[in-house]
Every structure is written in C-alpha cells, then in structure tokens.
Amino acid sequence: MLERCAWVNLDPRYIDYHDHEWGVPEYDGKTLFEKLCLDGQQAGLSWFTILCKIPAYRAAFAGFEPGLIARFDERDVARLMQDSGIVRNRLKIQSVINNARVYLAMEEDGIDFGTWLWDFVGGEPVVNRWSGPEQVPITTPASDAMAKALKQRGFSFVGSTTCYAFMQATGMVNDHLLGCHCHPDNVNC
C-alpha cells in the first residue's frame, strides 16, 4: 500500500486528487484562476467538500471562463443562490464574478496571470521536506505577499491561508510529506 499525506481520506476522488493534482505545477492562467476561485470557496469548509462539488461549480460558472463569468449580473447571483450543487453563499458567489472581472482587467493590462502568480515563488516550485503534518505551515511570507497583491488588484476571498492552500494545490509549493509516495524525492507518483 502506498503511503500518502495524512490529510487524504479513503475516498477515491480524494486519493486521485492527492496522487495526480495536488502539488503538480500548473502554469496556465485560466486554470490557475479556476483553482484560486475554488480555494476561495473553501473558506470555512473542508477542501473535500469543494472537491466533490467541482463539476457543479464548473457547470454553474461557465467552465470558469472569465469572459463569460464577468458578464454575470444579479439575476445570475440569484440563480446561483438556488443551485444546491455549489456552496450557496452570496459573498462567495459574488467573489467569483468579481475575480473574473479583475482577471480580465489584468489581462487587458498585458499581465499574464500565471507568470504573475508564479513570480511569488521565483517561477520555480518550492519543494519542502516536511516529515510530519505538524511542520507544514498554513501561511508563509510568500503567501502573505500573494494575498496582499491579489487584494490590491481587487480579488476577494484571497487571504494568506487561502493563498498558501492554493500554492500547495498548484505546485508552487510542494508540501507532500517526505514519506509520501508523491514527494519529489520518491519516484512512485
């Protein structure tokens, strides 16, 4: 049996997420936009809750296409508040719409979202070597800086803890534990 990070439960979706997505470097700006929005939806909830709802989120939010989401209006918010497949929190729903508009504004300014985000870690994954879950931080100076810069741009639901979780999820930071088969020092993932 393969050893995994302690936070993984036995649900096949969680195992698949851990083994094939979490900690894998993602550079595409639109994919990073989706992941940032989904991490914002997690605030106050478990990631597993959001993970199970990703298909519903993609359907509800036009495949996380920023150009389409940015046109959502109050009727769309009302419609989404009735969608039992997503977290029906008005502020969280509005944050996705707001974040799409900010993403597009950055794009209009000639800023590549992926490159801009990766600059917070110097463009390369930070590979940590934690032996136990108690060593893994919930924020770092890099996540603090990312959260501050995102907020200055106008993004919402992007606190430092959310940003650090996002950095872990997108491979900007690799926090697989040393004993985990997915740690870069191992070759089994």
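User: Why is Glu108 called exposed?

Analyst: Glu108 has a relative accessible area of 70%. Exposed means over 50%, buried means under 20%, and partly exposed is in between (1.4 Å probe, protein chains only), so Glu108 counts as exposed. Bear in mind that this is a predicted model, where local features need pLDDT of at least 70 and side-chain atom pairs count only at pLDDT 80 or more, while totals for chains, interfaces and linings use all residues. Residues are numbered from 1 along each chain as its sequence is written, and side-chain values use heavy atoms, with hydrogens and water left out.

User: Where is Glu108 found, and which surface patch does Glu108 help form?

Analyst: Glu108 is found in helix H6 (residues 90-108). Helices here are DSSP runs of H or I with at least four residues, strands are E runs of at least two, and both are numbered from the N terminus. The patch is a negative one, formed by Asp28, Glu107, Glu108, Asp109 and Asp112.

User: What makes that group a negative patch?

Analyst: Patch residues have over 30% relative accessible area and no salt bridge, and like charges are joined within 9 Å (nonpolar side chains, Val, Leu, Ile, Met, Phe, Trp and Tyr, within 5 Å). Asp and Glu count as negative, Lys and Arg as positive, and His and the chain ends are not counted. The place of a charge is CG of Asp, CD of Glu, NZ of Lys or CZ of Arg, and accessible areas come from the Shrake-Rupley method with a 1.4 Å probe. Asp28, Glu107, Glu108, Asp109 and Asp112 form a patch on those terms.

User: How do you know that Asp11 forms a salt bridge with Arg13?

Analyst: The closest N and O atoms of Asp11 and Arg13 are 2.9 Å apart. A salt bridge is a side-chain nitrogen of Lys or Arg within 4 Å of a carboxyl oxygen of Asp or Glu, so the pair qualifies. Asp11 is buried at 19%, whereas Arg13 is partly exposed at 45%. The structure holds 9 salt bridges.

User: Which parts of the chain does the Glu34 and Arg58 salt bridge link?

Analyst: The closest N and O atoms in this salt bridge are 2.7 Å apart. The pair links distant parts of the chain: Glu34 sits in helix H2 (residues 29-41) and Arg58 in helix H3 (residues 47-60), 24 residues apart. With 11% relative accessibility, Glu34 counts as buried, while Arg58 is partly exposed at 42%.

User: What about Arg79 and Asp76, and how are they placed in helix H5?

Analyst: Arg79 forms a salt bridge with Asp76, with the closest N and O atoms 3.1 Å apart. Both are in helix H5 (residues 74-81), and because they are 3 residues apart, about one helical turn separates them. Arg79 is partly exposed at 41%, and Asp76 is buried at 18%.

User: Why is the Phe33 and Phe64 pair called edge-to-face?

Analyst: A search of the whole structure finds 15 aromatic pairs. In this one, the ring centres are 6.5 Å apart and the planes are at 70°. Rings of Phe, Tyr and Trp (its six-membered ring) pair if their centres lie within 6.5 Å; planes under 30 degrees apart count as stacked, over 60 as edge-to-face and the rest as tilted. The pair is therefore edge-to-face. Phe33 lies in helix H2 and Phe64 in the loop between H3 and helix H4 (66-69), so parts 31 residues apart in sequence are tied together.

User: And what makes Phe113 and Trp116 stacked?

Analyst: Their planes are 15° apart, with 6.4 Å centre to centre, so the angle meets the stacked rule. Both lie in helix H7 (residues 113-118), 3 residues apart, about one turn of the helix. Phe113 counts as buried at 3%, and Trp116 is buried at 16%. Both belong to one aromatic cluster, whose members include Phe33, Tyr57 and Phe155.

User: What is notable about phi in Phe64 and Phe157?

Analyst: Phi of Phe64 is near 55°, a positive value in a residue other than glycine. Phe157 is not a glycine either, and has a positive phi of about 60°. Phe64 counts as buried at 3% relative accessibility. Phe157, in the loop between H8 and H9, is partly exposed at 30%.
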